[in-house]
Amino acid sequence: MDKNFKEEKFTEVVKFTPPLYKQRYQFVKDLVEKYKPKKVADLGCADCRLLWMLKFCSCIEVLAGLDICASVMKEKMHTLSPLPVDYLLPSERSLTVTLHHGSVAHKDPCMLGFDLVTCIELIEHLEESELKKFPEVVFGFMAPSIVVISTPNSEFNPLLPGVMLYRHPDHKFEWNQAQFQSWALATAKCYDYSVEFTGVGHPPTGMENVGFCTQIGVFVRKYPQTSESVQSEKPTEAVYKTVFKAVYPSLKDEKYLQNAVVSEVIFTAQNIKHHLMSKHEEYDDDPERKSRFQPSVDSFSDCLRKLVVDQTMEPFVNGNEVYIPLVTIFSFPKVNRLSGTFEKLCKLIAGKVTLSSDGSAVVFNTEHENE
């Protein structure tokens, strides 16, 4: 079997499932799940697909993207905007997403303070002058706790159909495994990082020496960055242009928290009232059972039965009005978790929910309910 026939055979079988770009993004997502960073920046974010994927990671509170091509970002940046459901059901965490137009060869204070920086298929697009500045900007200036860099492995190229020199016409270079590892180790040593090598896109069986289709370096900073070192490097003015910013609704915002608490209080109180009235009507229709009516014993659910521990917590009917004690409502797990304290609950629902004269119970008037 000659060399050309051998390569042609492997070209036909090298198909990645899922697609290689999804494997790269999943690698980053798995890393996020492992290290739980709060602030993540994606350099060379292009069409924002990785950022869109990461916005669903519950640990992340700040997402930033940077790209030299503003038009590519603007085409897809709408996918990073909050949806109507985000306003209807605000998350407990805060989330801010920002996109910047600029070069990774320039320093900007907006990129300081990130826990994780990703550079997925970026460095091979850099001119030689930009690549020389890149380590100082990312590792020296930004200095995040973790940096992930992925780049094509040129040793895999003969196994890919249609690849003559580089995989993309905009690539300025493509390194083999030794070249990437040499650059990465030197960079890590210079800026006090450790680096581990891995990748995605396994080679065909019997050709393991070729390595992954995409090679990846995971850099971890050895020592915490001091505030003095950050301040000494901080430029005096911004050089990036912000092209997009979205602040997601969050329960950390008093406005959204109040809406959530009021909705949950009304929902809980209405459920208690429904079960209370059903039982009340049942006993009204049966005089013999009426004397045995005890709202706290057989109302709402087993949960309510367990929560009502004394008479002051018992819901009751008085004429056309139903009274649901706030202490009972506060005892329900979701109301309790949202409010935090009983005092905070009272503050949040003040003026938003009809209360008894002493403010101790939610009141419903049933007089016109069935009209």
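Trainee: What follows helix 15, and what is said of its phi?

Mentor: Helix 15 (helices being DSSP runs of H or I, at least four residues, numbered from the N terminus) is followed by Gly-351, whose phi is positive, near 80 degrees. This is a predicted model, in which local features need pLDDT of at least 70 and side-chain atom pairs count only at pLDDT 80 or more, while totals for chains, interfaces and linings use all residues. Residues are numbered from 1 along each chain as its sequence is written, and side-chain values use heavy atoms, without hydrogens and water.

Trainee: How do you know on which side of helix 15 its buried residues lie?

Mentor: Leu-345, Leu-348 and Ile-349 are the buried residues of helix 15, which spans residues 342-349. They cover an arc (taken from the directions from the helix axis to the C-beta atoms) of only 85 degrees, so they lie on the same side of helix 15. The face turned away from that buried side carries the exposed residues Glu-343 and Lys-347.

Trainee: Why is Val-85 called partly exposed?

Mentor: Buried means under 20% relative accessible area and exposed over 50%, with partly exposed in between (1.4 Å probe, protein chains only). Val-85, which lies in helix 5 (residues 84-88), has a relative accessible area of 42% and is therefore partly exposed.

Trainee: With which residues is Ile-60 in contact, leaving aside its neighbours within four places in sequence?

Mentor: Contact means heavy atoms within 4.5 Å, and with those neighbours set aside, Ile-60 touches Val-32, Pro-37, Lys-38, Val-40, Leu-54, Arg-93, Ser-94 and Leu-95 in this sense.

Terms used:
Helix = DSSP H or I, 4+ residues; strand = E, 2+ residues; numbered from the N terminus.
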